[in-house]
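Got your viewer open? Load the model, switch on side chains, and we'll walk through it one selection at a time.

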Amino acid sequence: MIHEPPCRTQGRPRCEETTKAILAATRKLFERSNLRDMTIEAIAKEAGVGKATIYRWWKTKNELVLDACFEDLQPRLDYGTTGSPACIIAEQVKRVVEAYRGPSGRMVAQLLAEAQYDPAVSRSFTEAYLSRRCCTLHTLLAQCGITCEAEQDAVAEQIYSPIFFRLIMGNAPLDEAFAKSVQSFVIQRLNAVQPAKAPGC
């Protein structure tokens with residue numbers, strides 16, 4: 001499902017075929033350019049639509065890129081439903097690394113950089129991606145025996161921060177060896193949890 005922030009400009013309902021063409025054009029242009037250099041004019045030309053059509057449905061270029069990014073990523077980043085909670089999280093971590101290895105990962109990295117200066121991008125990223133998956137992750141962590149919300153947040157940061165660090169900094173590859181190391185950490189960390197109340201909770 002494409003993220004629809006509440007501040008979206010009102011107007012005629014979207015045409016699904018045209019929407020998909022615009023989002024596909026955005027991703028195609030991004031593969032040979034970058035967020036700062038891309039223009040609405042170029043996206044409109046690639047999609048075969050007028051600029052007015054794009055601005056009717058997206059207020060800014062950043063909002064459009066965010067939707068294009070998550071239309072591609074969302075099906076690949078959801079948690080599974082089979083296996084132990086620890087294995088479900090570990091498998092999802094592997095898919096995150098694989099997804100971020102490609103063009104959409106580069107889009108996420110640049111959007112996160114842009115979010116430092118654009119509160120709307122930061123808010124939309126949180127609503128479209130983080131909040132949705134945090135609820136599922138917290139449920140899975142609770143099933144592993146981590147029931148304190150503060151500890152759940154800390155464990156989530158331990159699991160995903162290395163991925164985002166490599167994605168943003170580009171200091172090391174998001175390769176298969178890295179994915180396996182993070183998976184191993186997840187399994188060891190969660191299998192070692194005792195279902196007892198954490199201090200201070």
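Which residue forms a salt bridge with Lys180? Select Glu176: the closest N and O atoms of this pair are 3.4 Å apart. A salt bridge here is a side-chain nitrogen of Lys or Arg within 4 Å of a carboxyl oxygen of Asp or Glu. Glu176 and Lys180 are 4 residues apart in helix H9, so about one helical turn separates them.

Before going on, some ground rules. This is a predicted model, where local features need pLDDT of at least 70 and side-chain atom pairs count only at pLDDT 80 or more, while totals for chains, interfaces and linings use all residues. Residues are numbered from 1 along each chain as its sequence is written, and side-chain values use heavy atoms, with hydrogens and water left out.

**Stay on Glu176**

Colour Glu176 by accessibility and it counts as exposed, at 52% relative accessibility. The classes are buried for under 20% relative accessible area, exposed for over 50%, and partly exposed in between (1.4 Å probe, protein chains only). Now add Arg101 to the selection: its C-alpha atom is separated from that of Glu176 by 9.9 Å, with the two positions 75 residues apart along the chain.

**Zoom out**

Switch to cartoon. You should see 9 helices and 0 strands; helices (H or I, at least four residues) and strands (E, at least two) are DSSP runs, numbered from the N terminus. Read along the sequence, the pattern is α-α-α-α-α-α-α-α-α. Of the 201 residues, 43% are buried.

**Salt bridges between helices**

Side chains of opposite charge can pair when their charged atoms come close. The count for this model is 10 salt bridges.

Pick Glu46 and Lys28, whose side chains meet in a salt bridge (3.1 Å, N to O). Glu46 lies in helix H2 (residues 40-47) and Lys28 in helix H1 (residues 16-31), so the pair ties together parts that are 18 residues apart in sequence. Both ends are partly exposed, with Glu46 at 31% relative accessibility and Lys28 at 43%.

Next, try Arg189 and Glu151, another salt bridge (3.9 Å, N to O). This one links distant parts of the chain: Arg189 is in helix H9 (residues 176-191) and Glu151 in helix H8, 38 residues apart. Arg189 counts as partly exposed at 24% relative accessibility, and so does Glu151 at 26%.

For a network, select Lys20, Arg27 and Glu71, which are joined by salt bridges that share partners.

**Two crossing helices**

Show helix H7 (residues 119-143) together with H8. Their axes come within 10 Å and cross at roughly 120 degrees. Axes are lines fitted to C-alpha atoms, for helices over the stretch in contact, and angles run from 0 to 180 degrees between N-to-C directions. H7 and H8 are therefore oblique to each other; under 35 degrees counts as roughly parallel, over 145 as roughly antiparallel, 65 to 115 as roughly perpendicular, and the rest as oblique.

**Last stop: a nonpolar patch**

Which residues make the nonpolar surface patch of about 330 Å²? Select Phe165, Ile168 and Met169. Patches are made of residues with over 30% relative accessible area and no salt bridge: like charges are joined within 9 Å, nonpolar side chains (Val, Leu, Ile, Met, Phe, Trp, Tyr) within 5 Å. Accessible areas come from the Shrake-Rupley method with a 1.4 Å probe; for residues, only the protein chains shown count as cover. Phe165 sits in helix H8 (residues 149-169) and is partly exposed, with a relative accessible area of 47%.
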